[in-house]
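Colleague: Please take a close look at the helix-to-helix packing in this model. How are the paired helices oriented, and which residues bring them together?

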Amino acid sequence: MSATDVKRAKPRKTALAPRRKLPETLVVLLGTGTPIPEPHASGPALAIVRGGVSYLVDAGPGIVRRAAAAAQAGVPGLSAPQLTRLFLTHLHSDHTAGLADLMLTPWVVGRMTPIEIYGPPGTRAMVEHILAAYAEDISIRVSGLEHADLRAVTPVVREFKAGTIYKDAQMKVRAFRVRHGTWPHAYGFRFESPDRTIVVSGDTRPFPGLERNYTGADVLVHEAYCHSAFMSRTKGWQKYHGAFHTSTLQLAKIANTVQPKLLVMIHQLLFGATPEIMMEEIKSNYKGAAIYGMDLMVI
């Protein structure tokens, strides 16, 4: 698969009509950004979509509206009322600041069932505090003229540790521990469907045993930072980012080992560099198919 096999979802009145036949299991990049509030990149979020069912990963700022844009472009399963499954890699604010929006907005516009949230320890407390913060809004919508369903706004929270955390007729999800600085609970996910295996790294530095979790991926969606720009950072920032994230050179080494059919970079920390520089750092060290992920790419 090459970069030409990837589409950007553009809102239109008719269904998406790609030049190629898309796989049955899609990866939709809803947000490829970082804590830096860049207008072209929403907060970290993506969707695995199969059979009109979406499996969301992370809830960065903008997730509901990015999903709506993909749905309007013809990607099934991403209209607001259909956003009913979420998997959180960890609880950093850039990965969860859209959680209140995801809990509330789809409910306001017609979601009839509770959203299921699979997250690390601490997720239940976060959800309970969000519900408490919006208690007056929820009360008015339930008791007032809207007659909203209280049950549908109350998430089903399942906190997990490493292992298989979800399974239905078309998808199995396995969580694996990663190393993201000082976070005690940070995870990546391996999604396995009948036609594709998709691995999402979450935020992580390289860690022992990653081969066991990454090998066999049709699509490896991985965070990265620009190595050359990183080298011009102060020692303090180098220590921080080196403990929390993966450089392009490290990612190229990982890809050479696990050989995904397609490598997709997200959560890109440029440090003032350009996407072209990051791609050159990857391509100079890894000859497999790789792309620089952007919001609303459908893979």
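Modeller: Two helix axes count as roughly parallel when their angle is under 35 degrees, as roughly antiparallel over 145, as roughly perpendicular from 65 to 115, and as oblique otherwise. This is a predicted model, in which local features need pLDDT of at least 70 and side-chain atom pairs count only at pLDDT 80 or more, whereas totals for chains, interfaces and linings use all residues. Residues are numbered from 1 along each chain as its sequence is written, and side-chain values use heavy atoms, without hydrogens or water.

The pair α3 and α5 comes first. Helices here are DSSP runs (H or I, at least four residues) numbered from the N terminus; α3 spans residues 99–108 and α5 spans residues 135–143. Their axes come within 12 Å and cross at roughly 15°, where an axis is a line fitted to C-alpha atoms over the stretch in contact and the angle, from 0 to 180 degrees, is taken between N-to-C directions. The two helices α3 and α5 are therefore roughly parallel. The crossing of α3 over α5 is left-handed, that is, the near helix is turned anticlockwise from the far one by less than a right angle, clockwise being right-handed.

On the α3 side the contact (heavy atoms within 4.5 Å) involves L104, W107 and V108; α5 contributes D137, I138, R141 and V142. By class, this contact has 5 nonpolar residues, no polar ones and 2 charged ones, with Ala, Val, Leu, Ile, Met, Phe, Trp, Tyr, Cys and Pro taken as nonpolar, Asp, Glu, Lys and Arg as charged, and the others, Gly among them, as polar. The charged residues of this contact are D137 and R141, in α5, while L104, W107 and V108 in α3 are nonpolar.

The pair α10 and α11 follows. Helix α10 covers residues 248–258 and helix α11 residues 275–283. Here the axes lie 8 Å apart and the packing angle is about 40°; α10 and α11 are therefore oblique to each other. The crossing of α10 past α11 is right-handed.

In this second contact, T248, L249, L251 and A252 of α10 meet M278, E281 and I282 of α11. The contact divides into 5 nonpolar residues, 1 polar and 1 charged. T248 of α10 is the polar residue and E281 of α11 the charged one, with L249, L251 and A252 on α10 and M278 and I282 on α11 being nonpolar.
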